[in-house]
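Reader: I am new to this structure and would like a close look at a single part of it. Please take me through the residues there slowly, and explain each term when it comes up.

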Amino acid sequence: MNFDALIIGGGAAGLSCALVLGSAKGKAFTKDKRIGIITHQKTSHLQNALFNNVLGLQSGTLGSDILIDGKQQLKAIYPHVTQIETEKVGAVLKNPEGFIVKTNKASYLSKIVVVAVGYTNLMTIKGFEIYIEPHPRAAIEKNRIWLKNTNHLIEENLYVAGTLAGWRSQFAMACGSGSHVATDILTLWNNGKQTKIHDKVESI
Ligand SMILES: Cc1cc2nc3c(=O)[nH]c(=O)nc-3n(C[C@H](O)[C@H](O)[C@H](O)COP(=O)(O)OP(=O)(O)OC[C@H]3O[C@@H](n4cnc5c(N)ncnc54)[C@H](O)[C@@H]3O)c2cc1C
């Protein structure tokens with residue numbers, strides 16, 4: 001399976017990125033664009049999180065529910081975004097046509113890759129070694145990492161989002177980072193014209 005943009009990671013940043021990319025459905029510049037997300041969620045920090053401090057989330061919301069609901073929301077309103085379940089990425093290798101993303105079950109070719117796998121030092125995806133550095137905004141004793149980037153861009157067509165991009169670990173920040181990357185990709189697809197996607201209430 002080939003993609004124009006493939007997101008790795010089904011946590012806060014990855015799902016947010018997928019939702020914003022999906023929401024550009026119907027725009028001329030996304031016609032024929034194939035979007036995918038590898039929705040691995042086993043190691044998401046949302047699995048144990050309990051939210052009382054996020055605008056728009058009822059206090060007591062469970063991160064584990066957000067993981068389930070997020071995938072369902074994406075499937076229900078943006079079904080053209082391919083969700084790849086139960087696969088874990090082991091390598092991302094550069095290729096003349098983009099990147100080969102290798103999982104434990106398959107290989108995918110994508111022109112653009114967004115990596116949103118969280119900031120733990122257990123991240124062992126081959127191909128990213130040269131970009132790994134200590135996280136600039138986390139307690140040293142936690143051994144968190146980031147992939148060195150400038151405004152989410154690691155190198156041409158390779159983006160990082162969420163805590164792994166260097167943001168502190170707050171849900172809204174990870175979601176914002178994923179959304180930001182999505183609008184950067186949409187801007188690229190829209191020939192550099194600054195792009196955002198807003199839905200609005202129809203006036204009566
Ligand atoms: C216990 C706890 C409580 C928290 N409470 C709050 C709170 O009250 N308020 C708040 O704002 N924030 C809170 N947070 C922080 C919030 O959960 C994180 O900031 C947020 O989840 C980070 O999003 P992320 O997308 O960077 O990483 P994650 O949500 O961790 O997502 C990373 C995703 O990548 C996937 N992945 C990993 N490796 C691979 C691989 N090789 N291939 C494919 N996929 C992979 C994982 O399974 C996961 O789904 C809490 C976190 C924890 C742990």
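**From a loop to the ligand**

Author: K148 is found in the loop that joins β10 to β11 (153–155), where the strands are DSSP runs of E with at least two residues, the helices runs of H or I with at least four, and both are numbered from the N terminus. The model is predicted, so to speak of a local feature pLDDT must be at least 70, and side-chain atom pairs count only at pLDDT 80 or more, while totals for chains, interfaces and linings use all residues. Residues are numbered from 1 along each chain as its sequence is written, and side-chain values use heavy atoms, with hydrogens and water left out.

K148 has a relative accessible area of 47% and therefore counts as partly exposed; buried means under 20%, exposed over 50%, and partly exposed in between, with a 1.4 Å probe and protein chains only. From K148 to A18 the C-alpha distance is 22 Å, and the two residues are 130 apart in sequence.

Helix α1 holds G14, and G22 lies in helix α1 too. G14 has a relative accessibility of 0% and so is buried, and G22, likewise at 0%, also counts as buried. Their partners in sequence and space can be given as well: G14 and N191 are 177 residues apart along the chain, with 24 Å between their C-alpha atoms, whereas G22 and I77 are 55 residues apart in sequence and 8.4 Å apart, C-alpha to C-alpha.

Helix α1 (12–22) also leads to the ligand, since together with β3 (50–51) and α3 (171–189) it belongs to the elements that each supply at least two residues of the shell around the ligand. There are 30 residues around the ligand, and those that come nearest are H40, T163, S169, Q170 and F171; a residue is near a molecule if one of its heavy atoms lies within 4 Å of it. By type, the shell has 13 nonpolar residues, 15 polar ones and two charged ones.

Three backbone contacts can be picked out, where a polar contact is a pair of N or O atoms within 3.5 Å, and within protein one atom must be able to donate a hydrogen and the other to accept it, with residues adjacent in sequence counted only if both atoms are side-chain atoms. K42 has a polar backbone atom 3.4 Å from an oxygen atom of the ligand, V89 has one 2.9 Å from a nitrogen atom of the ligand, and a backbone N or O atom of F171 is 2.8 Å from a ligand oxygen atom. The ligand, taken alone, exposes 1,000 Å², and the protein buries 85% of that, with accessible areas from the Shrake-Rupley method and a 1.4 Å probe.

Q41 lies in the loop between β2 (35–38) and β3. With 12% relative accessibility Q41 is counted as buried, and its side chain reaches the backbone oxygen of G10 at 2.9 Å.

Two further loop residues are worth a look for their backbone angle. Most residues other than glycine have a negative phi. D32, in the loop between α1 and β2, is not a glycine, yet has a positive phi of about 70°, and at 65% relative accessibility D32 counts as exposed. N143, in the loop between β9 (132–134) and β10 (145–147), is not a glycine either and has a positive phi of about 55°; N143 is partly exposed, because its relative accessible area is 46%.

Methods
Nonpolar A, V, L, I, M, F, W, Y, C, P; charged D, E, K, R; others polar.
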